[in-house]
Amino acid sequence: MKNRLCDRLGIDFPIFAFTHCRDVAAAVTQAGGLGVLGTTRQSPDLLEIDLAWLDEHCGGRPYGVDLLFPANTAGEDEERLRATIPAEHQQFVAELSQQFRIGEPKDRARYSTSGDNLITTHRRGMEKWEVARSHQPALVASALGPVPREVEQDSHGWGAVVVGMVGALGQAPAHVAAGADVIVAQGTEAGGHGGRISTLVLVPQVVDEVPDTPVLAAGGIADGRQIAAAIALGAQGVWTGSLWLTTVESDLEEPVKRKLLEAGSKDAIQSRCLTGKPIRMLRTPWVDAWESGGAPPPLPAPLQGLLVRDTMTAIFDHEVEEVMGTAVGQAVGMMGKVTNVRTQMYELVDGFAGAAAAFLETVDADR
Ligand SMILES: Cc1cc2nc3c(=O)[nH]c(=O)nc-3n(C[C@H](O)[C@H](O)[C@H](O)COP(=O)(O)O)c2cc1C
């Protein structure tokens, strides 16, 4: 399983784990993969604390950061934007709030310093980049469009691997032209923002689009058989996300963890109700309400995020269990038990070895 990409990064397995939880990121890295910390939840101050913690807890092994650099500046003047939200949408959110007894968030003011969850702006991305660069992570991922030039140059300056995330065909060459060393091809099965093409169909086509660049397969991968399949498709490894949400180390709220353990693949649906862009997430009565015939169509990003941000925060502030959810992919149907990260890594590697052996046996038997 160890390949050139592993050698370049100094890891044992080409298994990359996207997570918002620093404990998961460190545990994956310690177990021989590479933990990548998402940065959409923290303010720059909190990101500094998390990265300092990772420096201490990764034992000198590599970790990554994932940043969002939206190309346009929409969302930077919140007051002006807020004034453009239609009354019908405000009314719909107010009715849902009442229906589910959600209430108000505990501290609206903290948005200026912390929660960026549902609204991402280029300026905020660059503020976080300023924090990240002082820690010189081994991997820098750009999630919304090609990596900005200064980020690419800085990252390569200290030898980091730059990763470009794509969810559709035709995007990978632009990432490579901007300096990406590795492309993540994320199929529609994946949790979080995503496109419409399945991993099985997307990965080989992206591999063909950028034949000189390593590609990681993402979307729906939760066991070792799927890693073997990804390698067979031409990928150099896998980029995973959902799988780690139910680990012991994950800081996901307990009621949500419980829901994930019980959910099936059909319960992970794509909706625009959180940010205005399609996100695959756990079905909840809140999501169902937005997807029902009576709902107004979600607004384009960043307006939808602005519209629902207070309510989403209040849901978690007051633990309104019925409507608590998370982004998650179709692999949720394979996540029926809680394990620690090390055991999960072991199972992935062991499952891969079993699948690879079965594959070779089949080929031999056919000779
Ligand atoms: C809860 C959650 C949040 C995510 N947030 C981001 C993000 O902020 N940036 C990003 O590049 N990818 C994000 N992703 C997508 C992951 O990077 C990864 O591509 C995806 O989880 C892989 O598919 P899987 O969920 O089927 O493993 C998120 C995924 C999940 C499950």
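This is a short tutorial dialogue on reading pockets, salt bridges and a surface patch in a predicted model.

Biologist: Let's start with empty space. What is the volume of the second largest pocket?

Modeller: Here is the general idea: rolling a probe the size of a water molecule over the atoms shows where empty space is left. In this model, the second largest pocket has a volume of about 300 Å³. Its lining counts 15 residues, and those closest to the centre are Val-93, Arg-108, Leu-307, Asp-310 and Thr-311.

Biologist: Which elements give two or more residues to that lining?

Modeller: Helices H5 (87-99) and H13 (303-317) do. H13 provides the largest share, five residues. Sorted by class, the lining has six nonpolar, four polar and five charged residues.

Biologist: Now for charges. How many salt bridges are there?

Modeller: Side chains of opposite charge can pair when their charged atoms come close. The count here is 12 salt bridges. Take Glu-127 and Arg-124, whose closest N and O atoms are 2.7 Å apart. Both sit in helix H6 (residues 122-133), three residues apart, about one turn of the helix.

Biologist: Is Arg-124 buried or exposed?

Modeller: Arg-124 is buried, because its relative accessible area is 16%, under the 20% cut-off. Its partner Glu-127 is partly exposed, at 32%.

Biologist: Nice! And which residues form a nonpolar patch on the surface?

Modeller: Phe-359, Leu-360 and Val-363 do, with about 300 Å² of accessible area together. Leu-360 belongs to helix H14 (residues 341-365), and Leu-360 counts as exposed because its relative accessible area is 54%, over the 50% cut-off.

Key: Residues numbered from 1 in each chain as written. Predicted model: local features only at pLDDT ≥ 70, side-chain atom pairs only at ≥ 80, totals over all residues. Heavy atoms only, no water. Patch = residues over 30% accessible without salt bridge, like charges linked within 9 Å, V, L, I, M, F, W, Y side chains within 5 Å. Areas by Shrake-Rupley, 256 points an atom, 1.4 Å probe, with all protein chains shown as cover. Salt bridge = Lys/Arg side-chain N within 4 Å of Asp/Glu carboxyl O. Helix = DSSP H or I, 4+ residues; strand = E, 2+ residues; numbered from the N terminus. Buried < 20%, exposed > 50% of the residue type's maximum accessible area, 1.4 Å probe, protein only. 1 Å grid on protein atoms, 1.4 Å probe; cavity = no way out; pocket = protein on both sides within 12 Å on 5 of 7 lines; lining within 4 Å. Points joined across faces, edges and corners; volume = space filled by probe spheres on them. Nonpolar A, V, L, I, M, F, W, Y, C, P; charged D, E, K, R; others polar.
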